[in-house]
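Student: I have the picture open, but I don't know where to start. What should I look at?

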Amino acid sequence: MRATTYGETPKVDVYYDSAVKGFLNKQNKIFLKFKNNKSVLYPNKKLITTPGLNYINMLPESEVELSIKNLILEEYNGSESLYPYLGDIFLEMFFNQKITKSSSISRFSKSNERKFLKCISDENVKSILGWIFKNSSLERTININTHSGKDIAFENDDNFSFMFSYDYDFYKNVSNVTFRNYKFIIIDGYIESVGEVHHLFEKANKSKKPYVIFCYGMSEEVKHNIMINNRKGRFNVLPVSLDVNDENTLNILNDIAVIHDGEVVSSNMGQTISQAVRKELPEGIKITFYEGKVQIDPLIDHNRIQRHKRFLLKRLEEAIEKIDVNTDPIKNRIKNFSLKSLNVYVPYDLKRNNNFQRDLLYGLNFLKNINSSYKVLTYDKKVYYVPSTLLKIVKVKVDSLKRTIKDISVIIS
């Protein structure tokens with residue numbers, strides 16, 4: 001039997017290498033046009049003055065041009081994710097624009113601060129970075145937060161602050177949220193019944209010491225029992241009942257265990273909650289409960305802290321290599337796992353400003369890589385400090401993409 005097809009046969013367009021060459025010449029002219037006419041007003045009333053961003057935002061006129069430009073866009077985004085403004089440097093190199101390498105810095109020093117701050121165009125970012133250079137240690141983890149005020153504020157925090165969602169009902173009507181010399185247990189699981197933690201309740205009642213329970217949720221029966229007995233003064237049991245739907249809690253118990261020099265009770269290790277609470281539980285130094293945050297004094301030394309941070313950074317590198325992996329939880333764990341941190345609070349309106357965001361990200365990435373060797377680049381009348389290793393990566397990206405496009409002989413769309 002002969003097969004019968006219905007409907008219109010899809011049209012296939014075939015383009016040859018001459019179209020590719022024509023595309024590159026055209027894109028080169030478009031890029032130069034954005035460099036000469038820098039300000040572009042968008043429908044959302046935002047004015048963007050960066051030639052690279054304006055070039056990337058412009059959609060090509062045809063499908064064949066779009067397919068080739070997507071190759072450029074992919075490398076631009078890859079460069080930009082490595083270091084802010086590196087995407088722009090990639091485009092400058094790709095379109096053979098002149099970049100001046102004015103100097104090299106083997107190691108950033110105090111004498112370089114003024115020159116670096118001078119190259120920051122946003123005055124608010126310049127103010128933030130200047131404050132950090134003058135008043136804070138670069139060993140601190142820097143956290144950017146928003147607030148409803150009008151001014152930029154700074155706060156040094158010398159404790160481990162774990163940011164995650166947990167049930168704060170236990171602490172809403174408690175006048176003192178700081179506890180010292182507390183017993184603790186870390187449970188990788190859900191507490192279903194009072195019977196599972198009955199022995200812990202008995203110990204807490206007899207000793208009158210605070211008992212902290214880290215876990216992934218508990219039944220209403222267990223929660224109600226704890227709240228009633230806490231209120232009546234029979235014991236002082238302090239749950240950190242994590243929200244299992246919050247991605248930031250993923251593997252966070254391992255970090256909490258490291259800080260406490262303790263272990264996680266897990267059914268995967270053949271352990272049960274009822275057996276674990278019968279044992280003599282370890283003791284922590286100091287813990288403070290805030291809504292969305294728990295501060296803990298570490299029981300381990302600086303070397304152990306740094307070793308775990310290196311472990312987390314390696315996990316982040318592995319996650320980045322896998323395209324479909326959400327890296328936010330591991331980044332949050334690294335941010336949490338810092339003995340000293342600096343909290344910077346910026347107004348909501350300022351955080352929404354594109355130029356502020358990009359300059360701030362550039363400045364913070366510079367601080368993160370401050371011990372690297374740098375190249376000082378000048379292009380488009382602006383000066384940029386770029387880690388030498390990242391500049392080499394961009395050069396490889398440019399050469400590779402040019403070879404790829406040169407080898408294209410046919411495009412089908």
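Student: Which residues are linked in a network of salt bridges?
Tutor: Heads up: this is a predicted model, where local features need pLDDT of at least 70 and side-chain atom pairs count only at pLDDT 80 or more, while totals for chains, interfaces and linings use all residues. Residues are numbered from 1 along each chain as its sequence is written, and side-chain values use heavy atoms, leaving out hydrogens and water. A salt bridge puts a side-chain nitrogen of Lys or Arg within 4 Å of a carboxyl oxygen of Asp or Glu. Here the linked residues are Asp167, Asp169, Lys172 and Lys223.

Student: What is the N to O distance where Lys223 meets Asp167?
Tutor: Their side chains form a salt bridge at 2.8 Å, N to O. Lys223 belongs to helix α8 and Asp167 to the loop between β7 and β8, 56 residues apart. Helices (H or I, at least four residues) and strands (E, at least two) are DSSP runs, numbered from the N terminus. So you have distant parts of the chain linked, and the distance you wanted is 2.8 Å.

Student: Is Lys223 buried or exposed?
Tutor: We call a residue buried under 20% relative accessible area, exposed over 50%, and partly exposed in between, with a 1.4 Å probe and protein chains only. Lys223 has 12% relative accessibility, so it counts as buried.

Student: How many salt bridges does the whole structure have?
Tutor: One of them joins Lys35 and Glu92, with the closest N and O atoms 3.0 Å apart. Lys35 sits in helix α1 and Glu92 in helix α4, so this pair ties together parts 57 residues apart in sequence. A search of the whole structure gives a count of 16.

Student: What is the relative accessible area of Glu92?
Tutor: Its partner Lys35 is buried, at 14%. Glu92 is buried too, and its value is 2%.

Student: Which residue meets Asp88 in a salt bridge?
Tutor: The contact between the two side chains is 3.0 Å, N to O. Asp88 is in helix α4 and its partner is in helix α14, 270 residues away. Both are buried, and the partner is Arg358.

Student: How many residues of α4 are buried?
Tutor: Among the buried ones are Leu86, Ile89, Phe90 and Phe94. The helix is largely enclosed by the rest of the structure, because the buried count is nine of the nine.

Student: In what order do the strands of the open sheet come?
Tutor: Two strands pair if DSSP finds at least two bridges between them. Five bridges join β4 to β16, and six join β16 to β17. The pairing is antiparallel, and the three strands come in the order β4-β16-β17.

Student: Which are the edge strands?
Tutor: The open sheet has three strands, in the order β4-β16-β17. An edge strand pairs on one side only, and that fits β4 and β17.

Student: What angle does the direction of α4 make with that of β16?
Tutor: Helix α4 packs on the sheet, touching β16 and β17, where contact means heavy atoms within 4.5 Å. Axes are lines fitted to C-alpha atoms, for helices over the stretch in contact, and angles run from 0 to 180 degrees between N-to-C directions. For α4 and β16 the angle is about 60°.
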